[in-house]
Amino acid sequence: MGRYAKDFITQVVLRADFVTGTAPITGQLPEGLLAPLENYPVRNVLNRSRTEVRVQKTPQGPVRDTRTINFPEHNFWTADRDLHAAVCSEYTFIAQRQYGGYAPLREGFLELAEAVSAQFPGLRIKRLGMRYVNEIKLPEADAGPGLGADFWEHYVNPLLLGGLRFAANDGAMARHMCTTELNYGTDRATIRYGIFNGEYPRPNRRREFVLDVDTYCQTEMGPESLAARLDDYHAAACQVFEAAVTDALRARMMMP
């Protein structure tokens, strides 16, 4: 994704969810966690909650114990609001809207995760994920006419367009989104693709195709495993994108 003059990425998210109790941030953020966030001057704290359900065996049968856990989520943005970082007792993430390349985003996320680990040596991660959202927008006249499969087959792998061809290009289609989930054991990928249509439920009138690639694992790991896993997920996301688009779209992405 870094070899093109331009891309269609509208959001990238790197996120680690913590094993409960291993990052006990209960109030103000510890000073040791502020150093990686010094370039994020816009800040606030939001009150979040999650519901925990436990099933206990009793002589009378299973009993569900439901409780709500409240926690503060510390949010940080760069001055232009392009980068958003969050830290709390449950997770940490960095999200970016104007993609500046994998290397700086990876470095910032790992620096933040290392700071959390240094503050809480018992830190464990139960889920690690990387998500790339591509919104392929081709409103230019030279991209060609049409809104349906006959248009998109020039830019998107035809294997992803069966539903569009089934719906036909009669001007009535309001939305067509598909989901494919891949299971590689501990590693997973969820790929969402199609016509989202921001004006839904009105019929679609835009030449915009979404390719949303979420790679992740739900296996407990230590912070030392994050870097290699992220590199694997980035490589997988790039492979999915390259398999999903055609040379015609690559040529447009090469143009400054």
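Here's a quick tour of one pocket and two helices in this structure. It's a predicted model, where local features need pLDDT of at least 70, side-chain atom pairs count only at pLDDT 80 or more, and totals for chains, interfaces and linings use all residues. Residues are numbered from 1 along each chain as its sequence is written, and side-chain values use heavy atoms, leaving out hydrogens and water.

**Helix α4**
- Helix α4 covers residues 226-244, and helices here are DSSP runs (H or I, at least four residues) while strands are E runs of at least two, numbered from the N terminus.
- The 19 residues of α4 should span 27 Å at 1.5 Å a residue (1.5 Å times one less than the number of residues), and its end C-alpha atoms are indeed 27 Å apart.
- Several α4 residues are buried (under 20% relative accessible area, with exposed over 50% and partly exposed in between, using a 1.4 Å probe and protein chains only), including Leu226, Tyr233 and Phe241.
- Looking down the axis of α4, the buried residues sit within an arc of 140° (taken from the directions from the helix axis to the C-beta atoms), so they line one face of the helix.

**Helix α1**
- The 18 residues of α1 should span 26 Å at 1.5 Å a residue, and its end C-alpha atoms are 26 Å apart, which agrees.
- Among the buried residues of α1 are Tyr102, Phe109 and Val116.

**Largest pocket**
- The lining of the largest pocket divides into seven nonpolar, four polar and two charged residues (nonpolar: Ala, Val, Leu, Ile, Met, Phe, Trp, Tyr, Cys and Pro; charged: Asp, Glu, Lys and Arg; polar: the others, Gly among them).
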